[in-house]
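Colleague: I'm new to this one and would like a close look at a single part. Could you take me through the sheet and what sits against it?

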Amino acid sequence: MSHPCLWPGKTFFYPIGNTTAVCLTQDLAPEENANVLLLGCGDPRNILYTLYASEADSASFSRSLDFTCCDVEGAVLARNVLLLSLLANGGALERVDQIWDIFYHFYLDDSTSSLLVDQSQKLVKLSKDLSTWESSEYGTFLRMCTDRTLSDLRGYWSSYASTGTFTHEKQIRMRKAFSESIRSAGDGTLLGGGYNFTGGRSAGPMSAYILRVVADQFRRYWKTGTTSSDAESLTHVNPTFVYSSKGDRFLVHYGTDPLLSFHLAEAYTNMRDTPKPTESVTVEDVVSVARAQFRRWCTSFVNVLRAGDPRPLVTVRFFVGDALSFCRALRCCNITRTTVTPIYNAPWSVSRLELNDNDYGANALSPAPTEFNVIETSNIMDHVGLLNVLIAASPLLIPSTSSTLLTEALLSSGNDPFTGILKRVCADLPTLSLLIGLIPSTFISRFTTQSNMHEILSAHVSQSPQFHERLSWKSAAGGDTIAAQCDIDISRATTFSPEQLAKILFDIYLKMFSEENVNILFQLAVSENKINNIIHYNRRTFAELVAVIKERIHMDWTQVMEMFHDLVARDHTLVTGLNYYQDLCCQLHLLGVYSADTLRVEGDFLSPQKVKQSAIFRGWKSVPPSVCIVLEVPSSSLAPIATALDKTGTPMLHCEIRGSTFQNAFSCIQATYGAVAVSGSGEDRRIVITEDHAGGTTAPLVVSFWAPSWILMLESTIRVGFGVRPTPASTVSLTQKLGLDLMIYTTKVTDDQHVHVVTERPNLDGEVTKEAAVLNKAKSRCSRSPHRVAVTMDRACSEIENLTVRIDITDPAAQSALSKGSGVTVEQVTPCAVQVCIENYNHVISFPLPVNAGKSKVRVARKSKYVEVVAPLSPADVTNRLELPTGKFPVIVHGRIPTLWNIHRVNLDRLPVVNTKDPAKLQWIVGHTTLMLSDREKKAQGEAVTNDKVPQDVLVNLKESLYAIFTASTGVQQPKTCAFGLSDPDSVGVYTLIFVTDVRLDLGCHTIVADAWVLPLTIDIMSDISRAVRVIMGDLTQIRTDADEMRAWKQLLPALTERCRTWRHKDSCEYLAKGTIPLSKEYGESPICTCGRGVGTAALRKVKGWKDFAPFVTRIALSPIFAVSYLESIGNFSENLNSEEAQSRESRLKDAGGSTQQNSVCAACEKEGKPKLLLCSKCRKVSYCSVECQRREWKKHKPQCAVLKEY
């Protein structure tokens, strides 16, 4: 209901995922149980890959993994259960190839078809009802969230099973129809030149090399229906691609490709086990890699099931229905502990959402989770809007440092695909974070260890409508070592002035409904010659957003909403939006947010006299402020326009109430086809709809919506209508058939054959009472923070100006000091915490966002004995970040377990190793690591080299050191060397040793990682390793750092050890004893604990000269640190040689007798350098003596350039 109702025109079936699998637990500590909610889950690739990548099938850690999967398409979940149940059968690993065929191929051979039919028949037999299913062999780990879900899935399994009894003639007819449908789907989404940029996404940093091969594979798949080269024996149609919610038609999306789910970089990066030249990789090689990954994932699933006997370590739950509805149902259950919810199951359905009492009831023996530490939302934000996702899902997130809500976008938003996320939120991100409690972690950290650089480069050259970006939304305070311990949900403590909060809400309101601003529509039409017809929000969305904020922020909400109401009433910006004013008032009232005068029971609008005079409410004993109008639209009114609606795509629908002097539109509607049964009279009248799933053949379309009661009493000639919401697209295509108002059907409100006015929506008996109970209990559960954080906005209320925290001084000595006039100082402790100092008295206060204590103001009330700290936010402008703040790479101890916040975890032993024997085949690593720097950072880097007065950017220096380590350890720019010493030549020299044993592919995050070992040099171990140090000094590559970068490394190293940890912290862990991470940032002292020292060093011991270091080193996962694409421009290549950048990199890498130059003479004139040769800043392979030579040679060099030739 919080999303506009769309006409159910042509929709596609997505049986296979279209993005690569990700590890869903990469933000959780390995000991932490995982409760994962997958909204719009699609196929089970993420579940299978998570089990494999997190090594859930090993004995290192034993934790439970509970996955709750929601998808509106039941056929998707029917396929998922089919796959997982096949893997649960005995001997499954011997049939993995057949299972692959069942899940990915359009056509099957005799044996595989029989396996599919037999398993489907088995599932049908076991799914007679919930009790039968739960007592079956699959019922312990495959659970159904609702009875309807099991019923829906059983219907699909029955359809699959029925194909086994088809006659030969029927099979031929089915195959013919199936083949014709496949051919009509076309060639998919290939762009110019035959490249498949969507498929290239699967290879991440190697995407350029894979474009042609995946295009060939894609064509072959859609031509033969298989990933196999031998399709002649495949005579059976795979029914799992035929049946969907739209019936038995082939509606698989034309971009479907089995390989999109897998990590194809493994086929191109010259793996150690399967070395092969990049240029000779074939379609068969790529398919083989995908199949091998599928086998490994399936093996992990089977092993986890076996390890969990008798109680499984993994549970997968299924729900068929709308994601937003499911979130609200889970919240309702969590608050009230009842399983019968006042919520519809899905759009175009009036089935009540009732959860499985055995799992969600108050007396459930093993209760299913209703709160989660991971919520994966796939790319449903592209379909329902980001705000809808945040509003519905954020209340389900467990308040924890590690808890993460993951969003994913595939469709670009606006003209700039990189900054689209900033437009989608309809607000300033820090402000929104205070209102809902979540913010993208990358917005705070200003870096990411997950790469989408291939997306950026692709966007620069392909003009593709897609731009893939994943964001991790977390509590901002959760990433602060002090604020997280004090109050992770401190944003609930914020307060605004009523005037400013009203203005904030009003600005969000204007942006949510900007399509109703005629001026904006005109500007879009002129500037882009096209208008986006996708609208994701209605007035219910806004009302739910305010309800979430009201639950979190404690203040005088009556005053806030009255001010907001005045702003809306006076607004002339949303010209067409005035039609939805009553809709807005009604939704705010229903959610208990605010009741306008017209919706107050005690007001004049619902006086007994007016009720008595009303024809609609005659005989009613009492009239509530809002009523539900149920409108039956005859099939005869829909039939003439149905084809035109289908051709328009998915136009938005709405209802109207129109009188002689007014017109009100209502977009919050629920629709279905079916027969209406009316019982009772007056306010006790109820509507029950028996749904017709055939949809619109003879049954009427039944539409229901809430409306203010008083409107129906204005005059006797009022009409109620149903039609298409006017947009540029719908107006152009439908005006000729429907007229300018685009109404499909209208009738008098007194037409009791087609209009029914009731107090509750159809099939939701007790809805109003249950909804009120949920709201009241939610309000009573909210704890109020003991201290307040006052927010001051700028004059336009568009950004936060400062945050103010007041502390009462209760310490006698501090009170005395205040009375004597002692000074009060403030110092930064962590990004979100500052310390107030009064002589010997120190008090730490927390803020919900990072602040700049250096620019804060202090207000001192010496008589009243309190201090106020007024602090601006830490600079949002990344160009001012020349110092690395404390807590840049936080490791938070949560429940005695260190937890990461902005660096994802990896299991190194499950990542494939890159073969570095031939550096010439690894030049892609140069391009990949070069893209760590944003365009701004590259410029700053060059300026710092040429001008000593320009301050050094510590993060840039850190990235340069990482670049040096990766290029040296792979040998792509100088002789290969794998032992590094972080060195400060102006101080103590080498202070940390790093040994790289392997470079691996971090497949799920599309980047690389150095499997390395770190040894901070401390006084207590020098006598033990002095001899070993002398042995390796000749081969040691020193990475030059200054004191600031040294402290940055000291901050980073604990996170790098923690992210790949396979051992448990000891009770004597120094982190716990000292209560701080890192342990130290000083020379000669270690920043990391000793719990992992010497653990698992077999690979290190094999390297000559390194064995003696093994007892003292700790394993780390070292990866590139990338800039954030929605905050800074990246990859904006110019054709100028960046000589300063080349000089910087050369000066930072001081190897033993090595050189950073690739050629001895200029590639253009074959002369020596002036005074030295400079590398091309793009490919880092070809050298020039001057900028002039580089420019002259550019046309010849461009096709071979390591970066640009890839795109």
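Modeller: Here is a walk through the sheet, strand by strand, and then the helices on it. Keep in mind that this is a predicted model. The sheet is an open one with eight strands, and its pairing is mixed. Going across, you meet them in the order β5-β7-β3-β2-β10-β11-β13-β12. As for where it ends, the edge strands are β5 (142-144) and β12 (439-440), each of which pairs on one side only.

Now step inside, to β2 and β10. Strand β2 covers residues 34-39 and strand β10 covers residues 374-376, and the two pair in the parallel sense over three bridges. If you want a spot to zoom in on, try valine 36: its bridge partner in β10 is valine 374.

Next come the helices. Over by the β5 edge, helix α6 (residues 147-162) packs on the sheet and touches β5 and β7 (314-320). The direction of α6 makes about 85 degrees with that of β7, so the two count as roughly perpendicular, the range for that being 65 to 115.

Helix α14 (residues 386-393) has a wider list of strands to its name: it lies across β2, β10, β11 (404-411) and β13 (466-474). Against β11 it runs at about 160 degrees; angles over 145 count as roughly antiparallel, so that label applies here. Notice that β2 and β10, the parallel pair from before, are both among the strands that α14 lies across.

Methods: Residues numbered from 1 in each chain as written. Predicted model: local features only at pLDDT ≥ 70, side-chain atom pairs only at ≥ 80, totals over all residues. Heavy atoms only, no water. Pairing = 2+ DSSP bridges. Helix = DSSP H or I, 4+ residues; strand = E, 2+ residues; numbered from the N terminus. Contact = heavy atoms within 4.5 Å. Axes fitted to C-alpha atoms, helices over the stretch in contact; angles between N-to-C directions.
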